[in-house]
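Morning, everyone. Please have the sequence and the model open while I talk.

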Amino acid sequence: MADASTAEFRNVYDDARRARTYAKLEFPGTYYLAYRDLPKIIEAHVRGRRALDFGCGAGRSTRFLRALGFEAVGVDVARDMIRIAEERDPGGDYRLIREGDFEDLEAGAYNLVLSAFTFDSIAGMDNKVSTLRRLRGLLATDGCIVSIVSAPEIYVNEWASFSTRAYPENRWAKSGDRVRIVITATEDPRPVEDIVWSDEAYHATYAAAGLTSVETLRPLAVGSEPYAWVNETRIAPWVIYVLKKLDGSRAR
């Protein structure tokens with residue numbers, strides 16, 4: 001498995017200009033498919049109302065969870081994102097954390113950890129595993145992690161809200177390599193740099209972190225939505241993993 005250099009990879013969302021444009025996003029186009037099925041998924045798998053939004057950015061997912069009735073805490077490593085989240089949602093609970101540092105969060109307290117696109121920006125198997133182990137330690141006994149990640153296919157196709165045509169080299173990217181994609185739903189033309197990670201690699205990562213996927217979903221558009229779909233009706237841009245603790249495993 002290829003592995004991007006964590007020393008060289010930079011989280012592009014830790015950027016004031018990008019934070020301002022990203023903050024305007026809600027659930028347009030391709031993003032709609034990432035969130036459409038979450039209420040049913042959460043209803044089926046989550047008992048209790050305490051939630052952590054890991055990688056909350058400007059607070060979009062945290063507000064989404066609160067609208068579902070959760071007592072939600074949003075955490076992120078990007079200072080500008082947290083600042084904007086607090087400005088937009090003064091009553092919300094948003095916290096700036098250092099990468100991999102969850103010391104200020106209560107262990108075993110959360111019924112749900114939602115991670116929306118965050119693992120696209122975490123480079124390296126070791127970093128992914130250690131982060132998941134720490135998140136696992138925050139879960140209540142029957143809690144779960146719902147992780148939305150970009151499918152590898154998102155980086156080699158065109159979409160209602162994204163473009164990759166300027167980056168044909170994405171087609172040769174292996175799991176762990178860096179890829180680029182432009183979010184056309186914002187006015188920032190700069191590409192986002194992500195880490196591509198295959199389904200096989202994710203399952204290996206989860207097992208190493210003491211987690212198992214109890215449900216995997218690849219949401220497709222049905223064609224009747226009010227969006228100008230490009231490939232969304234036939235190729236899933238996202239993968240949603242519902243993760244629970246492996247029996248007998250312990251967080252480290």
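I'll go through the cores, the salt bridges, one helix and the cysteines.

One thing up front: this is a predicted model.

Let's start inside. The largest nonpolar core has 36 residues. Which residues have the most contacts inside it? They are Leu38, Leu112, Ile148 and Trp238.

Where does this core come from? Three helices give two or more residues each: H2 at 29-35, H3 at 38-45 and H4 at 60-67. So do four strands: E4 at 110-116, E5 at 139-150, E7 at 178-183 and E10 at 238-245. Helix H2 gives the most, with four residues.

Now click on Leu38. Leaving out residues up to four places away in sequence, Leu38 touches Phe64, Leu114, Val146, Ile148 and Ile240. Another core lies apart from this one. That other core has 31 residues, and Ile97, Val129, Ala201 and Tyr206 are among them.

Next, charges. The count comes to 13 salt bridges. I'll show you three.

Take Arg36 and Asp37. They form a salt bridge, with the closest N and O atoms 2.9 Å apart. Asp37 is partly exposed, at 21% relative accessibility. Arg36 is partly exposed too, at 26%.

Arg36 has a second partner. Its side chain also meets that of Glu225 in a salt bridge, at 3.8 Å from N to O. Where do the two residues sit? Arg36 is in the loop between H2 and H3. Glu225 is in the loop between strand E9, residues 211-217, and E10. They are 189 residues apart, so this pair links distant parts of the chain. Is Glu225 buried or exposed? Glu225 is buried, with a relative accessible area of 10%.

The third pair is Asp188 and Arg190. Their closest N and O atoms are 2.8 Å apart, in a salt bridge. Asp188 is buried, at 3% relative accessible area. Arg190 is partly exposed, at 25%. Back to the earlier pairs for a moment: shared partners join Arg36, Asp37 and Glu225 into one network.

On to helix H6, residues 125-138. How does its length check out? H6 has 14 residues, and at 1.5 Å a residue they should span 20 Å. The end C-alpha atoms are 20 Å apart, which agrees.

Which residues of H6 are buried? They are Lys128, Val129, Thr131, Leu132, Arg133, Leu135, Arg136 and Leu138. Note that the list includes Lys128, Arg133 and Arg136. Val129 you have met already, as one of the residues in the core of 31. Keep the helix geometry in mind when you look at that list. An α-helix has 3.6 residues a turn, so residues three or four places apart point the same way.

Last, the cysteines. How many disulfides does the structure hold? Zero. Cys56 is in no disulfide, and the nearest cysteine sulfur, in Cys144, is 19 Å away. Why is there no bond for Cys144? Because its closest cysteine sulfur, in Cys56, is 19 Å off, which is too far. Cys56 is buried, at 5% relative accessibility. Cys144 is buried as well, with a relative accessible area of 0%.

That's the tour. Questions, please.

How values were computed:
Residues are numbered from 1 along each chain as its sequence is written. This is a predicted model: local features need pLDDT of at least 70, side-chain atom pairs count only at pLDDT 80 or more; totals for chains, interfaces and linings use all residues. Side-chain values use heavy atoms; hydrogens and water are left out. A nonpolar core is a set of buried Ala, Val, Leu, Ile, Met, Phe, Trp, Tyr and Cys residues joined through side-chain atoms within 4.5 Å. Buried means under 20% relative accessible area, exposed over 50%, partly exposed in between (1.4 Å probe, protein chains only). Contact means heavy atoms within 4.5 Å. A salt bridge is a side-chain nitrogen of Lys or Arg within 4 Å of a carboxyl oxygen of Asp or Glu. The expected span of a helix is 1.5 Å times one less than its number of residues. A disulfide is a pair of cysteine sulfur atoms within 2.5 Å.
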